[in-house]
Amino acid sequence: METPGSQSSLHRANLERVVRAVRLAGSLTQAEIARTTGLSAATVSNIVRELKDGGTVEVTPTSAGGRRARSVSLSGDAGIVIGVDFGHTHLRVAVGNLAHQVLAEESEPLDVDASAAQGFDRAEELVSRLIAATGVDRSKIAGVGLGVPGPIDVESGTLGSTAILPGWTGAKPAEELRGRLGVPVHVDNDANLGALGEMVWGSGRGVKDLAYIKVASGVGAGLVIDGKIYRGPGGTAGEIGHITLDESGPVCRCGNRGCLETFAAARYVLPLLQSSHGTDLTMDGVVRLARDGDPGCRRVIADVGRHIGSGVANLCNLLNPSRVVLGGDLAEAGELVLGPIRESVGRYAIPSAARQLTVLPGALGGRAEVLGALALALSEMGDSTLLDGSLSAAAPAFT
């Protein structure tokens with residue numbers, strides 16, 4: 001039996017520190033592991049050798065700073081995680097291994113008026129289909145990350161009021177999916193998962209303080225503070241879409257007037273162009289037309305950018321992030337929307353905060369949330385599972 005403070009318990013703790021560092025990063029050199037964990041280079045070398053001999057990690061030659069190095073990642077057959085993202089009109093599922101490789105991914109349309117039960121039935125079917133396609137044994141599932149377009153109550157796990165998926169209010173998404181799949185399920189709102197996805201794989205890499213702004217059917221923000229998602233005590237942090245811009249403005253779905261969402265979300269923006277462009281116009285179509293030079297669409301996107309910039313300026317004054325990443329269809333507009341955002345930030349934010357801020361488009365597009373769901377599952381799984389060999393079935397190699 002290990003006793004606290006014993007040599008064996010210290011060794012076990014060091015093993016878990018190394019596995020956790022590699023699991024969260026995807027891959028690290030041994031020097032990076034030493035810096036991340038605070039362990040000595042010799043200790044890291046010995047632990048990596050032990051983990052490699054046990055089949056927990058893989059070591060491949062690489063270079064760092066012009067010098068030869070060894071890259072350490074979790075074994076490709078150590079286990080899998082699943083990401084599930086529910087949006088306003090879509091369901092997207094991805095299967096990935098613990099080395100941060102996506103093994104399979106698929107998206108399909110989702111009826112906005114479908115009930116939560118119908119949505120989770122579809123998710124269960126899609127997860128089963130993708131696992132079968134990869135050939136990985138279901139016993140290898142270490143966990144599931146689940147994204148939903150609305151606030152999640154931290155204590156009860158209940159989805160709050162949402163006009164994006166109206167039939168889902170009051171549902172308990174993690175409990176629902178866990179009952180179907182029989183594995184741990186971790187749930188968060190889509191903006192937080194977008195932030196996680198961009199932080200691990202996209203435009204937020206290497207940054208510890210950022211805001212991910214998602215503009216779609218609604219407007220939300222995922223906030224990263226000191227490398228961690230900030231959710232607030234009730235799980236509603238980041239509701240930037242309900243910052244008031246005009247007390248006499250349009251009535252918002254939240255009941256207030258003139259929220260940022262009423263000036264930027266697709267449901268409010270698209271009607272501005274219907275008389276000239278028809279009723280079938282989508283936000284993606286507005287962006288395409290704007291990039292092709294359509295004056296009406298360019299004007300609307302510029303106006304939306306200025307309004308978003310006002311909300312971002314508030315974030316700068318309160319939290320002073322070093323980077324803002326814009327997600328959703330609107331990010332494809334590039335400088336047509338980013339320029340006006342920066343203009344408003346420069347006008348309304350504290351000058352020192354504005355100077356330190358970088359505004360970038362997301363690198364992952366519509367995949368940000370499902371990849372963030374994978375990252376959530378990776379971050380929540382326990383390292384003892386890997387070290388104790390609980391996920392023992394073999395899986396094929398993927399690239």
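The following dialogue explains how to read several features of this predicted model.

Visitor: At what angle do the axes of helix α4 and helix α5 cross?

Guide: A pair of helices may be described by the distance and the angle between their axes. Helix α4 covers residues 116-134 and helix α5 covers residues 173-181; their axes come within 10 Å and cross at roughly 45°. That angle makes α4 oblique to α5. The crossing of these two helices is right-handed.

Visitor: Which residues of α4 and α5 meet?

Guide: On the α4 side they are A117, F120, D121, A123, E124 and V127. Their partners in α5 are P173, E176, L177, R180 and L181. Sorted by class, this contact has seven nonpolar residues, four charged residues and no polar ones.

Visitor: How are α2 and α3 placed with respect to each other?

Guide: The same reading applies to this pair. Helix α2 spans residues 30-37 and helix α3 spans residues 41-53, and they pack at an angle of about 115° with axes 9 Å apart. The two helices are therefore roughly perpendicular to each other. Their crossing is right-handed. In α2, the residues Q30, I33, A34 and T37 meet V44, S45 and V48 of α3. By class, the contact of α2 with α3 holds four nonpolar and three polar residues, with no charged ones.

Visitor: How far does helix α6 reach from its first C-alpha to its last?

Guide: The span of a helix can be set beside the value expected from its number of residues. Helix α6, residues 190-201, has twelve residues and reaches 16 Å, close to the 16 Å expected at 1.5 Å a residue.

Visitor: Is α6 mostly covered or mostly uncovered?

Guide: Here one reads the burial of each residue in turn. Helix α6 is mostly covered, with ten of its twelve residues buried. The buried residues include D190, A191, N192, L193 and G194, and also A195, L196, G197, E198 and M199.

Visitor: Where does D246 lie?

Guide: A residue outside helices and strands can be located by the elements on either side. D246 lies in the loop between β11 (228-230) and α7 (261-264).

Visitor: Why does D246 count as partly exposed?

Guide: D246 counts as partly exposed because its relative accessibility is 32%, and the partly exposed class runs between 20% and 50%.

Visitor: Which residues is D246 in contact with, leaving aside its neighbours within four places in sequence?

Guide: With those neighbours set aside, D246 is in contact with R257, G258 and F263. Separation in sequence and separation in space may also be read together. D246 and T262 are 16 residues apart in sequence, and their C-alpha atoms are 9.8 Å apart in space.

Terms used:
Residues are numbered from 1 along each chain as its sequence is written. This is a predicted model: local features need pLDDT of at least 70, side-chain atom pairs count only at pLDDT 80 or more; totals for chains, interfaces and linings use all residues. Side-chain values use heavy atoms; hydrogens and water are left out. Axes are lines fitted to C-alpha atoms, for helices over the stretch in contact, and angles run from 0 to 180 degrees between N-to-C directions. Helices (H or I, at least four residues) and strands (E, at least two) are DSSP runs, numbered from the N terminus. Angles under 35 degrees count as roughly parallel, over 145 as roughly antiparallel, 65 to 115 as roughly perpendicular and the rest as oblique. A crossing is left-handed if the near helix is turned anticlockwise from the far one by less than a right angle, and right-handed if clockwise. Contact means heavy atoms within 4.5 Å. Ala, Val, Leu, Ile, Met, Phe, Trp, Tyr, Cys and Pro count as nonpolar, Asp, Glu, Lys and Arg as charged, and the others, Gly among them, as polar. The expected span of a helix is 1.5 Å times one less than its number of residues. Buried means under 20% relative accessible area, exposed over 50%, partly exposed in between (1.4 Å probe, protein chains only).
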